[in-house]
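Here are my notes on the model, point by point. Please read them with the structure open.

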Amino acid sequence: MKRTSPFPGAAKVESYRLRVDARLVHEPGGSLVLEQSRYRLRLPDPEPGRRALLLHMAEGWLSDLQIARLVTGLEGEARILPAQLLVRRLLLHCWLDRRIAAGARVLLDVVPRGLGAQSGPVRRLHGAGVVYRLSRFAVLRTDRGRMLAHSPLSTVAIACAHTQLGAVLAGAAADGVSRPDVAKALEVDEPTAGYVLDELLSAQVLVTSEEAEAETGTAPMGLWSPEELWLHDRTRPQRHAAPIGATHRFRGVPEPEPEPAPADGPAARRTIVLPSPAAPPAGAAPDSLAAVMSRRRSVRRQDDTRPITAAQLAEFLHRVQRLGPAATGDADGRETGRRPYPGAGGIGELEIYPLVSRCAGLESGLYHYDSVRHRLAAVAATGPETAKMLSFARATATMPDPPQVLFVITARIGRLMWKYEGIPYALALKDAGILTAWMYLVATDMGLAPCALGAGDVASFAALSGLDTLVEPAIAEFVLGSCPSDCEEQP
């Protein structure tokens with residue numbers, strides 16, 4: 001017997017609520033503020049209809065029809081359009097979850113991962129008769145009692161509100177699915193199945209057969225393992241608005257272990273007392289390794305009355321990153337080189353892009369350091385994006401002013417992926433840590449003010465540099481400037 005849908009022709013219904021990781025805060029004077037992690041949107045003294053709309057969406061779902069009824073009851077039909085415009089604005093900036101239903105039956109929720117202007121996904125529409133497959137980068141996991149499907153390549157995730165949506169994804173992983181397959185699995189008509197497909201495609205959970213092949217066999221995507229791409233996505237605030245940095249989310253639950261191991265722990269069963277390193281001898285040369293290491297500090301205040309000079313910047317880059325032609329070699333069919341610091345396989349995948357804010361003798365802007373020829377190549381002039389990068393760096397380092405020079409460290413990750421499996425991205429991070437430590441020592445020896453950063457504005461850097469983040473991702477940041485004579489240095 002032919003199976004028919006129990007919901008033939010059920011109308012598609014969209015509903016909205018405040019994203020679950022955000023909250024609505026009341027300010028004295030009547031204004032409302034939306035807060036999420038490091039983001040904040042203030043709505044000055046909204047009218048009664050829009051205030052009620054926000055309060056309801058902070059508690060649960062509201063459909064377009066419910067929004068119209070709510071606003072009409074408070075302010076009349078003439079105020080429906082301003083309320084709808086507010087909802088569209090919040091959707092555009094990804095402050096709202098969006099729910100798709102067939103009549104009264106919920107199918108899926110679109111859950112934003114990013115936040116802010118232009119953080120929504122590129123809308124992708126399905127084609128009739130086209131078979132779609134599960135992206136090899138897609139992950140299914142539980143989140144707040146729902147199954148969440150998402151990709152590190154997208155700014156939205158899909159919450160599988162309908163249990164049969166899991167069967168759709170399983171079918172996509174096996175043989176692929178088309179619109180009729182989705183309609184059959186969800187027991188909806190084909191137009192509604194098409195809406196579901198569009199959402200899964202826009203979230204890049206599903207991809208075309210050609211895209212699925214490119215994910216596996218074509219650079220740059222074919223070089224990435226899903227685990228490494230997820231690690232890169234989570235640790236770099238580009239496509240997501242998840243909390244990042246020193247959030248202390250486990251403060252008190254429980255307290256962190258003390259830095260020294262407890263005396264009554266397993267380590268106390270057998271101990272060997274190691275000799276303390278000898279202090280630098282009196283009169284040691286100021287450039288001895290011991291003396292430099294003892295002075296190494298993070299300096300978060302720079303002397304803007306006497307900024308770093310072009311000659312100092314040139315010396316610094318030469319000492320930390322220079323790779324002369326005579327140092328290059330060949331191993332395993334790939335060029336290798338000898339940097340001033342050790343690196344995985346001698347591959348030298350790291351590149352340095354100085355963003356110059358204030359430097360005597362050098363025009364401000366973003367540059368690339370050519371370590372073979374020891375020269376700077378201009379990448380972009382100063383503008384709104386460079387200002388955003390400097391502002392992000394200032395806030396991250398808790399500096400009173402923007403840094404004089406911000407170094408963005410990138411990795412030509414394909415060079416590592418070509419040789420290594422499973423560990424290339426981790427190796428790049430380790431190499432960046434070694435380079436950062438070396439930069440500290442050189443800066444200290446030169447009497448400059450160094451400070452490593454825990455995060456950077458990778459979106460602005462990508463826009464300025466034009467680099468493909470799958471080919472050459474930005475993985476670390478470091479600031480440098482002249483050191484005030486009375487600066488307070490911090491470990």
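1. Asp45 comes first. This is a predicted model. Asp45 sits in the loop that runs between strand 4 (39-43) and helix 1 (48-59). Its C-alpha lies 4.1 Å from that of Ser31, although 14 residues separate Asp45 and Ser31 in sequence. Leaving aside residues up to four places away in sequence, Asp45 touches Gly29, Gly30, Ser31 and Arg51.

2. Next, strand 9 (139-143) and strand 10 (146-150). The two run antiparallel and are joined by 5 bridges. One of the bridge pairs is Leu140 with Ala149 of strand 10. The connection is a hairpin with 2 residues between the strands. Look at Arg144 in that turn: its phi is positive, about 50°.

3. Strand 10 also has a partner in strand 11 (residues 156-159), again antiparallel, over 3 bridges. Ala149 has Ile158 as its bridge partner in strand 11. A hairpin of 5 residues makes the link from strand 10 to strand 11. How many residues of strand 10 are buried? The count is 4 of 5, and the strand is mostly covered.

4. Now the second largest pocket. Its space comes to about 520 Å³. The lining has 22 residues, and closest to the centre are Asp21, Arg113, Arg141, Asp143 and Ala242. Strand 9 and strand 10 return here: each supplies at least two lining residues, as do strand 7 (105-112) and helix 8 (226-235). By class, the lining divides into 10 nonpolar, 3 polar and 9 charged residues.

5. The largest pocket holds about 930 Å³ of space. It is lined by 30 residues. Those nearest the centre are Ala117, Gln118, Ser119, Gln238 and Ala459. Which elements give two or more residues to this lining? They are helix 11 (384-397) and helix 14 (458-465). Helix 14 gives the most, with 4 residues. The lining of the largest pocket splits into 11 nonpolar, 13 polar and 6 charged residues.

6. Then the open sheet of 6 strands. Its order is 17-16-15-18-20-19, and the pairing is antiparallel. Strand 17 (375-380) and strand 19 (448-453) are the edges, each pairing on one side only. Ignoring direction, neighbouring strands of the sheet are turned by 30° against each other on average.

7. Within this sheet, check strand 15 (residues 350-356) against strand 16 (residues 365-370). They pair in the antiparallel sense over 2 bridges. Val356 stands opposite Gly365 of strand 16. Which helix packs on the sheet? Helix 13 (residues 424-445) does, touching strand 15, strand 18 (405-411), strand 19 and strand 20 (474-482). The direction of helix 13 makes about 5° with that of strand 20.

8. To recap for your own check of the model. Strand 10 pairs with strand 9 over 5 bridges and with strand 11 over 3. Strand 10 also gives at least two residues to the lining of the second largest pocket. Helix 14 leads the contributions to the lining of the largest pocket. Helix 13 is the one to view against the open sheet, where it packs.

Note on methods:
Residues numbered from 1 in each chain as written. Predicted model: local features only at pLDDT ≥ 70, side-chain atom pairs only at ≥ 80, totals over all residues. Heavy atoms only, no water. Pairing = 2+ DSSP bridges. Axes fitted to C-alpha atoms, helices over the stretch in contact; angles between N-to-C directions. Contact = heavy atoms within 4.5 Å. 1 Å grid on protein atoms, 1.4 Å probe; cavity = no way out; pocket = protein on both sides within 12 Å on 5 of 7 lines; lining within 4 Å. Points joined across faces, edges and corners; volume = space filled by probe spheres on them. Nonpolar A, V, L, I, M, F, W, Y, C, P; charged D, E, K, R; others polar. Buried < 20%, exposed > 50% of the residue type's maximum accessible area, 1.4 Å probe, protein only.
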